[in-house]
Structures are given as C-alpha cells and as structure tokens.
Amino acid sequence: MARNALATTARAVKATAGQWLVLFFLTFVLACPAISMAADAAATAPAAQTNVVTVADAQDTAVTPSPVAATTGDVQTAQVVDNHPWWFWPVALLFFCFILGIIAVMAGVGGGVLFVPLVSGFFPFHLDFVRGAGLLVALAGALAAGPGLLRRNFANLRLALPVALIASACSIVGAMLGLALPPDIIQTCLGVTILGIAVLLFFSKNSVRPVVNKQDAVGLALGMNGVFLEPSTGEVVDWKTHRTLAGLLLFIVIGIMAGMFGLGAGWANVPVLNLLMGVPLKVSVGTSKFLLSITDTSAAWVYLNQGCVIPLMAIPSIVGLMLGSVVGVRLLAKAKPKFIRIMVIAVLFFSGAKALLKGLGW
C-alpha cells in the first residue's frame with residue numbers, strides 16, 4: 001500500500017512538473033518576438049542617428065536644422081529601418097501562430113481571439129493589417145470545420161441563417177468603422193474588449209443542455225428548433241430556443257465588434273446561443289463555427305478591398321494555426337484543459353492590458 005501511494009504521488013508530481021515546464025516553454029516562446037523587437041530597436045537606433053548626422057554633414061549649406069527637426073528625423077528613420085531579411089517576419093509569424101494553434105485547441109477558444117491582441121502587441125505590424133489577417137485566420141478554421149458539423153447536425157441552418165444575416169451585415173459596418181477611426185482609438189477599444197473577453201471566459205459556465213420549457217413566438221416563427229444525436233450516449237436530443245429576440249439584438253453588437261477588431265466571434269456566439277437562447281452546448285459550438293464562415297467573410301471583403309490583407313502575413317498565420325491545431329488535438333488527451341484555460345485567460349489579461357496602454361499612449 002505504501003509503495004502504491006508513493007508511486008501515485010510520484011506520478012502526480014511528475015505530471016505537475018511537466019505542466020509547469022509546458023507553461024514556461026509556451027510563455028517563453030510567446031515572449032520571444034517582444035525580446036527580439038527590443039533588441040532590434042536598440043541595435044538600429046544608433047545606426048539611424050549616425051546616418052542622419054552624416055547626411056546633414058555632407059550638405060554644405062548655410063541652413064542649420066533645428067534640434068526638434070533632427071530629433072524627429074532620427075525617430076522616423078529609426079522606425080523605418082529594419083535590418084532583417086524579407087523572410088524573417090513571416091517565419092517568426094509561422095512559428096508564433098503554431099504555438100497559438102496548440103494553445104487555442106487545448107483551451108477551447110478560437111485562434112482569432114488570441115491572434116489579434118498578441119500579434120499586434122509583439123510584432124511591428126500596423127493594426128489594420130493584423131485585423132485583416134485575423135479575420136482570415138478565423139475564417140480558415142471555420143471553413144475547415146463547417147461541412148463536418150453540418151453533416152452531424154451540430155450546426156443548424158435554421159438557427160444559423162437569421163443570426164448570420166444580422167451579424168454579417170453588422171460586421172461590414174464594423175469593418176468600415178474600424179478602418180475609419182484612428183488606430184489609437186481602435187487599440188484602446190481592442191484592449192477593453194480583450195479584457196472583457198478574459199473576464200467572460202473566467203466567469204462563464206456553459207450549460208450542456210439548457211432547460212427550455214416553452215419556445216417563444218420569434219423562435220417558433222423562425223423555426224429555431226431541431227434534433228441531434230448525442231454520440232456519447234446514442235440519445236436523440238430535441239431542442240428549441242427562448243429569449244430569441246434578445247439574442248438577435250445582441251448579435252448586432254457581436255457583428256460590429258467582429259468586423260471592427262478582426263476577432264473571431266466564437267467567444268461571444270457560444271454564450272449567447274447557449275446561456276441566453278437555450279441551445280445545447282454542442283449545437284451552440286457547431287453553429288458558432290458555421291456562423292464565423294459567413295460573418296468573417298463579409299468583414300474580410302472590406303479589408304481586402306482596402307488593401308489591408310498582406311499574403312506574407314495571412315498565409316504564415318493560417319498555416320501555423322492549422323498545423324498547431326493538429327498538434328493541439330493530439331495533446332488534448334494528455335493535457336489538462338483547465339490548466340491551459342487558466343493560462344489563456346492570463347495571456348488575454350496581459351495582451352488586453354498591453355493593447356489598452358498602447359492605445360492610451362502609456
């Protein structure tokens with residue numbers, strides 16, 4: 001008995017140590033771009049200043065530039081100069097998104113909600129380009145999962161189409177609004193939104209099968225009901241919605257936020273469908289994935305039309321997240337989702353605070 005207890009304790013200690021090593025490794029990998037950017041800024045700033053002074057000395061004129069103008073020129077030159085080869089940032093983005101894909105699967109969140117705040121905080125890309133790539137990242141995952149979810153009745157067309165009509169139209173408005181507003185305002189609002197998502201993930205407890213005693217008139221008129229087969233028990237589950245009008249109104253806000261910030265809206269779709277409208281959890285998750293393929297497509301066209309989608313950003317991001325998702329699915333059986341979920345919430349708090357402070361100029 002004593003040997004069995006010691007063996008059990010040793011296995012538990014080994015598993016805990018392994019989880020902390022994984023946490024340390026993932027945190028280190030996520031922090032590498034920020035460390036690289038700081039080192040690059042320190043290396044390129046003196047060179048930029050030297051080049052400016054040399055050009056000023058070469059011009060033998062009577063006009064002497066003011067200290068303010070010289071300082072401004074130094075800062076602008078230091079921001080433009082990048083000594084990396086053209087392939088450095090795409091490769092770094094590929095590796096970074098590979099880690100994000102692993103974390104997203106094990107934590108049960110979409111890759112888009114992690115992509116925009118982390119990439120905008122750790123990489124020297126303009127926020128408009130990051131949001132355009134973020135929409136394509138969320139869209140790629142949704143398109144890959146959509147057909148299988150429809151075949152298994154986990155995504156319901158009668159539920160999805162009215163919601164998609166509202167959310168996709170509002171996502172176009174959100175994308176146009178996001179491109180029209182100054183980047184500082186968008187960055188500040190993004191930080192507040194990410195902090196709100198972290199709080200929502202921390203406190204939300206989804207219900208596997210919400211109890212709906214009677215369907216409301218709006219849900220009945222739209223035909224928002226159905227059945228699906230529960231694979232684990234072989235049971236046929238009937239479901240219907242209530243509080244449908246309130247849910248549809250909330251999808252106006254969700255669509256605007258998805259288009260404005262370039263986030264996959266799964267973090268908001270699932271709680272509204274499941275907790276407010278009374279849809280079973282599996283149908284909520286499946287329908288949310290299908291919704292992203294419509295909502296994000298509408299917003300992505302606006303960013304494509306404005307030239308805010310760069311292939312050297314979008315392609316490595318999509319490939320990295322797809323490969324990371326495959327690895328994450330295999331690791332999901334061994335890892336503890338609760339532990340990874342806490343880590344993701346902590347990362348969201350950090351990235352949200354960073355975006356908020358960056359938007360406020362602190």
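**Note on the predicted model**

1. Leaving aside neighbours within four places in sequence, Ala 138 is in contact with Gly 264 and Asp 296. Ala 138 belongs to helix α5 and is buried, its relative accessible area being 10%. Ala 138 and Lys 289 lie 151 residues apart in sequence, yet their C-alpha atoms are 9.2 Å apart in space.

2. The structure is a predicted model, and the confidence values should be read alongside every point in this note. The average pLDDT of the protein is 75, and 73% of the residues score at least 70. Over residues 12-78 the pLDDT is below 50; this stretch nevertheless has 38 contacts in the model beyond near neighbours in sequence.

3. As to overall architecture, the protein has 13 helices and 2 strands. It comprises 362 residues, of which 43% count as buried. Among contacts between residues at least 6 apart in sequence, 83% join residues at least 24 apart. The accessible surface comes to about 18,800 Å², and carbon and sulfur atoms account for 71% of that area.

4. Helix α5 also holds a salt bridge. The count for the model is 1 salt bridge, and the pair concerned is Arg 131 and Asp 128, whose side chains meet with an N to O distance of 2.1 Å. Both residues lie in helix α5 (residues 127-151), 3 residues apart, or about one turn of the helix. Arg 131 and Asp 128 are both buried.

5. Helix α10 (residues 266-276) is largely enclosed by the rest of the structure, because 8 of its 11 residues are buried. The buried residues of α10 are Trp 267, Ala 268, Asn 269, Val 270, Pro 271, Val 272, Leu 273 and Asn 274. They pack against five helices named here in sequence order: α4 (111-122), α6 (157-180), α7 (183-203), α9 and α11 (281-305). Just after α10, Gly 278 adopts a positive phi of about 80 degrees.

6. Ser 171 is a residue of helix α6. With a relative accessibility of 0%, Ser 171 counts as buried. Its side chain reaches the backbone oxygen of Ser 168 at 2.6 Å. Not counting residues up to four places away in sequence, Ser 171 touches Gly 255, Ile 256, Gly 259, Thr 295, Ser 298 and Ala 299.

7. The loop between β2 and α9 contains Thr 241. Is Thr 241 buried or exposed? Thr 241 is buried, with a relative accessible area of 0%. The side chains of Thr 241 and Thr 244 are joined by a polar contact of 3.1 Å. Once residues up to four places away in sequence are set aside, Thr 241 touches Leu 159, Val 212, Lys 214, Gln 215, Asp 216, Gly 219, Met 224, Met 277 and Val 279.

8. Arg 243 also deserves comment. This residue is found in the loop between β2 (235-240) and α9 (244-261). The phi of Arg 243 is near 50 degrees, a positive value in a residue other than glycine. At 42% relative accessibility, Arg 243 counts as partly exposed, whereas Thr 241 of the loop between β2 and α9 is buried at 0%.

9. A further point concerns the surface. Val 218, Leu 222, Leu 245, Leu 249, Ile 252 and Val 253 make a nonpolar surface patch of about 460 Å². Helices α8 (217-222) and α9 each supply at least two residues of the patch. The largest contribution is that of α9, with 4 residues. One member of the patch, Val 253, has its place in helix α9; Val 253 is partly exposed, at a relative accessible area of 44%.

10. Helix α9 recurs in several of the points above. It is among the helices against which the buried residues of α10 pack, and it gives the most to the nonpolar patch. The loop that holds Arg 243 runs between β2 and α9.

Conventions
Residues numbered from 1 in each chain as written. Heavy atoms only, no water. pLDDT = per-residue confidence, 0-100. Contact = heavy atoms within 4.5 Å. Buried < 20%, exposed > 50% of the residue type's maximum accessible area, 1.4 Å probe, protein only. Polar contact = N/O pair within 3.5 Å; in protein donor to acceptor, adjacent residues only side chain to side chain. Patch = residues over 30% accessible without salt bridge, like charges linked within 9 Å, V, L, I, M, F, W, Y side chains within 5 Å. Areas by Shrake-Rupley, 256 points an atom, 1.4 Å probe, with all protein chains shown as cover. Salt bridge = Lys/Arg side-chain N within 4 Å of Asp/Glu carboxyl O.
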